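Q: Please take a close look at a single part of this structure, the packing of one pair of helices. Then set that part in the context of the remaining packing, the domains and the ligands.

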Amino acid sequence: MNTYYIAVLAGDGIGPEVVNEATKVLDACAQRFDFSCCYRYAEVGGAAIDSSGNALPAATLTACETSDAILFGSVGGPKWANLPPQQQPERAALLKLRQHFDLFCNIRPARWYDGFEVLSPLRADITAKGMDIVCFRELTSGIYFGAKERSAEQATDTQTYRYNEVYSIATKAFEAAANRKGKVTSIDKANVMATGVLWRQVVDDVAKQYPHIKLEHMYVDNAAMQLIRDPSQFDVMLCDNLFGDILSDELAAIAGSLGLLPSASINTRGFGLYEPAGGSAPDIAGLGIANPIAQILSAALMLRYSFANDDAACAIEAGVAQTLKQHQVTADLTSNNAVSTASVGDAVARFISEEATSWA
Ligand SMILES: NC(=O)C1=CN([C@@H]2O[C@H](COP(=O)(O)OP(=O)(O)OC[C@H]3O[C@@H](n4cnc5c(N)ncnc54)[C@H](O)[C@@H]3O)[C@@H](O)[C@H]2O)C=CC1
Ligand SMILES: CC(C)CC(=O)C(=O)O
Ligand SMILES: [Mg+2]
């Protein structure tokens, strides 16, 4: 029987609540698909600052380095927002982990689900019903990692992209498109940014190796508008670090909620960190109402990308679709009869256990 070694870093805000549901679902999968999970729980983010003064303690890094994958909740919140920038949980823990493990490739799939009431006005628009998009975001370079300066009078962030960095993420996007609808939309701001011009040139170079893939370039401002106007026109979106961060929250809103959007951040060796696209949601933390689906679907991506267990990943995704269809949804997706975070996790886990025979 395979054992999957997983570092579990729940972090702050809703992190612990939703991570708990993801491990519940993983345990149901382990029983059904005959593997075992060895969890290495470790502190990260604001919680780690509070207990040890360090957002990414050495023991946490060791837990990650000795595991096959990281299941990550979220970090940050108002309690730590006034720390010096280098010590804040988002930079000192999350960006550091992304950089340490070279997790250059961030994958955020966003799709339309049936069956729950529409709170987002975008969901009322029939065009959103065709949405099935995967966003490939460059994750370890660009403006988040460039040199920064700040004085009382001015502040500077620097964006640098190297040919190889763009090449690597673009190749991942084209590979994905070859197994999907065969279209890549590359997002940039080449009309005003030097990095945008380089980005476009490199993507054109990569495209030459994929003659059957349709490539279109789109400026980011137009992309933000086109997504709302007609998300079904997109298949694979290819973005730099900043634009991918922003547009993926938009994807989540079109799908219905930030609580639906998972992410995989992987390196060339298949090692990955799996986390919801959203943050620690301090406004709802501790209330038992956070949507755990983004975290649960992130666990599915972990099974697919780090453990090559597509059957178990598909079972989770089917369980999520079924749970949404049966209107077992948290308050972000309905104005009446919302269920708790734990109830959604229970419903997905039950589906995996009870529908086990049909997945044999
Ligand atoms: N990967 C990470 O750890 C990230 C951390 N953050 C940090 O999280 C903190 C809060 O940031 P915000 O800008 O408020 O963004 P956020 O993503 O935490 O929340 C934005 C809105 O979406 C809602 N939301 C998010 N996830 C949800 C879920 N699973 N179920 C239901 N509703 C959900 C929140 O309640 C809030 O109204 C900040 O410290 C920020 O830096 C933000 C993004 C990513
Ligand atoms: C620290 C932030 C860059 C995290 C975030 O917003 C994201 O990865 O989507
Ligand atoms: Mg973000």
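A: Two residues are taken to be in contact if their C-beta atoms, placed from the backbone, lie within 7 Å. The model is a predicted one, and the part chosen here is the pairing of helix H9 (residues 293–305) with helix H10 (residues 310–325).

On the H9 side, the residues that meet H10 are Ile293, Ile296, Leu297, Ala299, Ala300, Leu303 and Arg304. They face Asp310, Ala312, Ala313, Ile316, Glu317 and Val320 of H10. By class, this contact of H9 with H10 comprises 10 nonpolar and 3 charged residues, with no polar ones.

The geometry of the pair can be described in the same terms. The axes of H9 and H10 come within 7 Å and cross at roughly 160°. Angles over 145 degrees count as roughly antiparallel, and H9 and H10 are therefore roughly antiparallel to each other. The crossing in which H9 passes H10 is left-handed.

A second pair is formed by helix H1 (residues 15–33) and helix H11 (residues 341–354), whose axes lie 9 Å apart at an angle of about 10°. That angle makes H1 roughly parallel to H11. H1 contributes Glu17, Val18, Glu21, Lys24, Val25, Ala28, Cys29, Gln31 and Arg32 to the contact, while H11 contributes Thr341, Ala342, Val344, Gly345, Val348, Ala349, Ile352 and Ser353. The residues of the contact between H1 and H11 divide into 9 nonpolar, 4 polar and 4 charged.

A third pair consists of helix H5 (residues 163–178) and helix H6 (residues 194–207), with axes that come within 9 Å and cross at roughly 50°. H5 is thus oblique to H6, and H5 passes H6 in a right-handed crossing. Tyr163, Val166, Tyr167, Ala170, Thr171 and Phe174 of H5 make this contact with Leu198, Trp199, Val202, Val203, Val206 and Ala207 of H6. By class, the contact of H5 with H6 has 11 nonpolar residues and 1 polar residue, and no charged ones.

As for the domains, the assignment for the protein chain gives domain 1 (1–107 + 258–360) and domain 2 (120–255). Taken over C-alpha atoms, the centres of domain 1 and domain 2 are separated by 24 Å. Their contact draws on 15 residues from domain 1 and 17 residues from domain 2. On the side of domain 1 that touches domain 2, helix H4 (89–100) and strand S4 (105–111) each supply at least two residues. That side of domain 1 has 9 nonpolar, 4 polar and 2 charged residues.

Two ligand surroundings complete the picture. There are 23 residues around ligand 1, of which Gly76, Gly259, Gly278, Gly279 and Asn291 come nearest. The shell around ligand 1 divides into 10 nonpolar, 9 polar and 4 charged residues. Ligand 2 is surrounded by Glu90, Leu94, Tyr144, Asp245 and Ala277. Its shell has 3 nonpolar and 2 charged residues, with no polar ones.

Methods: Residues are numbered from 1 along each chain as its sequence is written. Chains are lettered from A and ligands numbered from 1 in the order in which they are written. This is a predicted model: local features need pLDDT of at least 70, side-chain atom pairs count only at pLDDT 80 or more; totals for chains, interfaces and linings use all residues. Domain bounds come from an automatic or database domain assignment. Helices (H or I, at least four residues) and strands (E, at least two) are DSSP runs, numbered from the N terminus. Ala, Val, Leu, Ile, Met, Phe, Trp, Tyr, Cys and Pro count as nonpolar, Asp, Glu, Lys and Arg as charged, and the others, Gly among them, as polar. A residue is near a molecule or strand if its C-beta atom, placed from the backbone, lies within 6 Å of it. Axes are lines fitted to C-alpha atoms, for helices over the stretch in contact, and angles run from 0 to 180 degrees between N-to-C directions. Angles under 35 degrees count as roughly parallel, over 145 as roughly antiparallel, 65 to 115 as roughly perpendicular and the rest as oblique. A crossing is left-handed if the near helix is turned anticlockwise from the far one by less than a right angle, and right-handed if clockwise.
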